[in-house]
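Visitor: I have a structure open on my screen and I would like to walk through it with someone. Could you help me look at it piece by piece?

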Amino acid sequence: MTVPIEVAVEDGVQTIRLNRPEKKNAITSAMYAAMADAIKTGWADDTVRATLFLGTPGAFSSGNDIADFMQVAMSGERGSMAVFDFLEAIIMSQKPLVAGVDGLAIGVGVTMLMHCDYVVASERSLFKTPFVDLGLVPEAGSSLLAPKLMSHHKAFELLAMGEGWSAADAREAGFVNRVTGEGDLESTAIAAASEIAAKPPQAMKLSRDLIRGDRSPILSRMRQEAEIFGERLKSDEAKAAFMAFMAKGQKKAG
Ligand code: COA
């Protein structure tokens, strides 16, 4: 089965596009694995000077595939490690990361942006991390990064209360650089990635490393979150939330 992740390299920009619009770009284990592979391939390729994440019209990503969560919750198994490969790849990324968000950005669709260096969002975007409503906890190192980036209070509103934020809110919080109309989203994101890709690569790398600082506390927080997240996936609170979501789909189909 083909994995709905499209990868292309053009003029120094490696584009990784989530292309599963029928599921609002929910991310499966196979998709995490494909993205982790692409990112690491980009590290080894001198022609890649920046990596750009894109989704499809109206959906950047609806977060982790809930059917995958459900599988882990019900089987009691550990689940795929691909998500951690992906998270490690973006935490430790060696090339600048840019994202263009048009529409829905949910769960990891938000927290991955905290590892990007430049983010463009369309005006119709919605940012939401309903971790607690799903019986879960924040992931991807977001519990460490968000309070530093936007204050404890704003981080609590986003990560614990699961409030839905507009592009302007996300910009004010500090993880979106520019807000555009939906028609300009991709061209603006590509232009930003191309601008970065055109700079002297060694100076860019050294500067970026200085700006990003030591990644080890982020990596260790991501692993700490993952331990708790893994336990929570099997909790009664999480199982009830996953079943409610799946039942909504069945009701729609019936
Ligand atoms: N995992 C699996 N499937 C998902 C999904 C996810 N995270 N998000 C959306 N889908 C599926 C829906 O089940 C639906 O499938 P179906 O057509 O086979 O029934 C399809 O994508 C379209 O979603 P739908 O809910 O009909 O679209 P919407 O515009 O009304 O709502 C969302 C979009 C994203 C707000 C809603 O789907 C949602 O809340 N998804 C879950 C988000 C989430 O909690 N992610 C995990 C965060 S940790």
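Guide: We can go through the ligand, some helices and a few single residues in turn, keeping in mind that this is a predicted model.

Visitor: Let's begin with the ligand, then. How many residues surround it, and which are the closest?

Guide: The ligand is surrounded by 16 residues, and the closest are Lys23, Ser62, Asn64, Ile66 and Lys252.

Visitor: Which atom of the ligand is 2.7 Å from the side chain of Lys23?

Guide: That is an oxygen atom of the ligand, and its partner is an N or O atom in the Lys23 side chain. With Ser62, a backbone N or O atom lies 2.9 Å from a nitrogen atom of the ligand, and with Ile66, a backbone N or O atom lies 2.8 Å from a nitrogen atom of the ligand.

Visitor: And how much of the ligand does the protein bury?

Guide: Taken alone, the ligand exposes 860 Å², and the protein buries 71% of that area. The elements that give two or more residues to the shell around the ligand are strand 6, residues 104-106, and helix 11.

Visitor: Helix 11, okay. What does that one look like, and how far does it reach?

Guide: Helix 11 covers residues 236-253, which is 18 residues, and it reaches 26 Å from its first C-alpha to its last, close to the 26 Å expected at 1.5 Å a residue. Within helix 11, the residues Ala238, Ala241 and Phe242 are buried. Seen down the axis of helix 11, the buried residues fall within an arc of 95 degrees, so they line one face of the helix.

Visitor: What sits on the face turned away from the buried side?

Guide: That face of helix 11 carries the exposed residues Asp236, Glu237, Gln250 and Lys251. The buried residues of helix 11, for their part, pack against helix 2, residues 66-75, and helix 10, residues 216-233.

Visitor: Can we zoom in on Phe242? Why does it count as buried?

Guide: Phe242 has a relative accessible area of 0%, and it counts as buried because the cut-off for that word is under 20%. Leaving out residues up to four places away in sequence, Phe242 touches Ile66, Phe69, Met70, Ala73, Leu134, Leu136 and Leu233. Phe242 and Ala67 are 175 residues apart in sequence, yet their C-alpha atoms are 8.0 Å apart in space.

Visitor: Helix 10 came up too. Which residue there could we look at?

Guide: One residue in helix 10 is Ser216, which is partly exposed, with a relative accessible area of 41%. The side chains of Ser216 and Asp214 are joined by a polar contact of 2.7 Å. The C-alpha atoms of Ser216 and Ile91 are separated by 9.0 Å, although these residues are 125 apart along the chain.

Visitor: New topic: helix 5. Which of its residues are buried, and what covers them?

Guide: The buried residues of helix 5 are Ser142, Leu144, Leu145, Ala146 and Met150. Their cover includes helix 4, helix 6, strand 9, helix 7 and helix 10. After helix 5 comes Ser151, whose phi is positive, near 90 degrees.

Visitor: Which residues have a positive phi although they are not glycines?

Guide: Among them are Lys24, with a phi of about 55 degrees, and Ala140, with a phi of about 60 degrees. Lys24 is found in the loop between strand 2 and helix 1, while Ala140 is in the loop between strand 8 and helix 5.

Visitor: And are those two buried or exposed?

Guide: Lys24 has 45% relative accessibility and so counts as partly exposed, whereas Ala140 has 1% relative accessibility and so counts as buried.

Visitor: Before we stop, what is Ala89 in contact with?

Guide: Leaving aside neighbours within four places in sequence, Ala89 is in contact with Ala36, Ile39, Lys40 and Trp43. Ala89 is in helix 3, residues 82-91, and is buried, with a relative accessible area of 1%.

Visitor: And Thr180, where does that lie?

Guide: Thr180 lies in strand 10, residues 178-180, and is buried, with a relative accessible area of 7%. Apart from neighbours within four places in sequence, the contacts of Thr180 are Val120, Ala121, Ser122, Glu123, Leu185 and Thr188.

Definitions and conventions
Residues numbered from 1 in each chain as written. Predicted model: local features only at pLDDT ≥ 70, side-chain atom pairs only at ≥ 80, totals over all residues. Heavy atoms only, no water. Helix = DSSP H or I, 4+ residues; strand = E, 2+ residues; numbered from the N terminus. Buried < 20%, exposed > 50% of the residue type's maximum accessible area, 1.4 Å probe, protein only. Contact = heavy atoms within 4.5 Å. Expected span 1.5 Å × (residues − 1). Arc of directions from axis to C-beta. Near = heavy atom within 4 Å. Polar contact = N/O pair within 3.5 Å; in protein donor to acceptor, adjacent residues only side chain to side chain. Areas by Shrake-Rupley, 256 points an atom, 1.4 Å probe, with all protein chains shown as cover.
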